[in-house]
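Colleague: I would like to learn how to read a model of two chains, beginning with the place where they meet. Could you take me through the features one at a time?

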Amino acid sequence: MSHAILDLHTPVPISQAPLWVNALPCRITAGFPSPAEDHVVQRVDLMAQLMRHPQATYLLRVRGESMIEAGIFDNDVVMVDRAITPRSGQVVVAVVDGDFVCKTLYQRGGRIKLKAANPTFADITPKDGQTLEIWGVVIAAIKQFRV
Amino acid sequence: MYALVDGNNFYVSCERVFRPSLQDRPVVVLSNNDGCAIARSNEAKALGIAMGAPWFKIKHLADSDGLVALSANFALYGDLSDRMMSLAAGLGPQQEIYSIDESFIDMTGVRGDLTVRSHKIRSRILQWVGIPCGIGIGATKTLAKLGNYVAKTAERKPGSYPEHLAQVCDLSALAPTELDAVLAATAINEVWGVGRQLSKQLNAAGITTVLKLAGLDAAMVRSRWGVVVERTVRELQGTSCIELEHAPKPKQEIACTRSFGHPVTELADLNEAVTDFASRAAVKLRKQRSLVSQVLVFIRTSPFRQDAQYSRSTTVPLRRPSADTAVIVTAALNGLAAIYRPGFKLAKAGVMLLGLQPDTVQQGELALEEDEEEDRGRLMTTLDGLNLRYGRGTVLLASAGLASDNRVWAMKQERRTPGYTTCWADMPVARA
């Protein structure tokens, strides 16, 4: 469409009328140029920092004291990534008897168990023929303080 | 080449992600007001529960067979759908999200073994999101959809189709004899776009299997059954006639109908409900940038009760097409006043917006009255903006009723699971 000459006497539908304002590709400053101008990018995005696989990441609330030596306390929120293949030594969320359980995964040889990070709690060892389902790997814990 | 990725028993699968104890159990998800089954686990299907079965008719299975019924939790399903769709998009360069649990992927130009690639995406969706899917692949959308049916059926009912077609089925990769065997083993009502009526007609003409349907002459099909069926036949033959759609088409009509949580007899309560329904419909109308010219309102009693039956509807034409909540609500309430009779236990009401047109076309009219109607477009934009930002129902017409706890007509959702992924307070719990 050519915008070269506008016939000012012909009515133009408002949706078709061109707007002649163009954004200039540079900023016009009055006074001192800001020394920070070249450095301002974006605020740190906490979620982007913590989360590697957004589609696979879920939040769960932890209830109980068995993981305190791993730094996870009652009422903390854990961020769980289901895309990560669980390895021995990682804190995981597992499904035990239909419920979610947060423990440390321990794998050696063919043996597998869920260890508590608190000496007063027992580990969970699957019984014969029972399989443990690892639901996801804990990648972060969020603790909120009362303010 | 198209792929169709479709979540298995999607709503049930979503619930199972956060309730692992529901695995292997018969589960149904109920519609609004816990009316009828809108999703069934394989175990529930095996109990003989039909799609749409009313809850009161299958209730007894809870005691006898451990059936679990849940109210629909659309906030949860929407979130998991979004996750699933974004992983499914990895299959190919273009995607059409067809419904909450289905998306077509255009795989044109994708190199390598499509079946292997699809299996990878499928297991990624299962591991990452927790939703099991079926993937069908074919030269057309109709064939992809058919492949999806084969993939799911082969998995659910071993023996129905060759075992290697379970979970992922690429019809275009089959040898001609195997493809013919698959098409011959499939009833025509499983074909996309072939409804019950058409199935009957085709069956009467001896066309009972997809193989027979695909073998028909397209020109003959057009003269006998019309262009829509011809298109289906051509698609089955591998000629693509249905393109990928990237934006949903504006709807031709918008409905907001609902069963009440408890029977309603008073006009005042009905007014609240109809105001609410009409307001919701008006929001949808503005979202798709349309105007409405006719507002239909209906009320009816429950056909499942022994009470006196009553069912009426009326259509109220608007003087000029509008997208104004107040105009639409007024029309609906006028219609309601005309059809309401006291003394009936009403179970359901609804508002439908008919005769929609784009809001860019506005029929002018001669100004016969003195005061010109003011343009309330900005008011409506503000209304929608406030409700979007602060939650639905923040600003509403007073006739919708303010004491939301006392609304007798409000929905019943006694079995809804928490908003596991959408509400901070509803997060699932892990024991430690």
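Modeller: Let us begin with a term: a polar contact is a pair of N or O atoms within 3.5 Å, and within protein one of them must be able to donate a hydrogen and the other to accept it. Please keep in mind throughout that this is a predicted model. Across the interface of chain A and chain B, that rule finds 16 residue pairs in polar contact, both residues being at pLDDT 80 or more.

Colleague: Which strands of chain A each supply at least two residues of the side that touches chain B?

Modeller: They are β1 (57-63), β3 (91-96) and β4 (99-108) of chain A. Of the side of chain A that touches chain B, β1(A) gives the most, with 7 residues.

Colleague: How many residues does each chain bring to the contact, and how much area is buried between chain A and chain B?

Modeller: Chain A brings 30 residues and chain B brings 21 residues, while the buried area is about 2,200 Å², with carbon and sulfur atoms giving 56% of it. On the side of chain A, the residues that lose the most area to chain B are Q55(A), Y58(A) and F100(A), which together make up 31% of what that side buries.

Colleague: How many salt bridges are counted between chain A and chain B?

Modeller: The count between the two chains is 0, although a search of the whole structure finds 14 salt bridges over all chains. The general idea is that side chains of opposite charge can pair when their charged atoms come close. In chain A, D76(A) forms a salt bridge with K143(A), the closest N and O atoms being 2.8 Å apart. This pair links distant parts of the chain, since D76(A) lies in the loop between β1 and β2 (77-81), K143(A) lies in the segment after β6 (133-142), and the two are 67 residues apart.

Colleague: Is D76(A) buried or exposed, and why is K143(A) classed as it is?

Modeller: D76(A) counts as buried because its relative accessibility is 4%, whereas buried means under 20% and exposed means over 50%. K143(A) has a relative accessible area of 37%, so K143(A) is partly exposed.

Colleague: Where in chain B do the salt-bridge partners R280(B) and D276(B) lie?

Modeller: Both lie in helix α13 (residues 267-287), 4 residues apart, about one turn of the helix, and their side chains meet at 3.0 Å, N to O. By contrast, the salt bridge of R16(B) and E43(B), also at 3.0 Å from N to O, links distant parts of the chain, with R16(B) in helix α1, E43(B) in helix α2 (residues 42-46), and their positions 27 residues apart.

Colleague: With which side chains does the side chain of N9(B) make polar contacts?

Modeller: The side chain of N9(B) makes one with the side chain of N42(B) at 3.1 Å and another with the side chain of K45(B) at 2.8 Å. N9(B) is found in the loop between β1 (2-7) and α1 (10-18) of chain B, and N9(B) counts as buried because its relative accessibility is 17%.

Colleague: Which residues form a nonpolar patch on the surface?

Modeller: L386(B), Y390(B) and V395(B) form that patch, with about 260 Å² of accessible area together. Y390(B) is found in helix α15 (residues 377-390) of chain B, and Y390(B) counts as exposed because its relative accessibility is 53%.

Conventions
Residues numbered from 1 in each chain as written. Chains lettered and ligands numbered in written order. Predicted model: local features only at pLDDT ≥ 70, side-chain atom pairs only at ≥ 80, totals over all residues. Heavy atoms only, no water. Patch = residues over 30% accessible without salt bridge, like charges linked within 9 Å, V, L, I, M, F, W, Y side chains within 5 Å. Areas by Shrake-Rupley, 256 points an atom, 1.4 Å probe, with all protein chains shown as cover. Salt bridge = Lys/Arg side-chain N within 4 Å of Asp/Glu carboxyl O. Buried < 20%, exposed > 50% of the residue type's maximum accessible area, 1.4 Å probe, protein only. Contact = heavy atoms within 4.5 Å. Buried area = accessible area lost by both parts, 1.4 Å probe.
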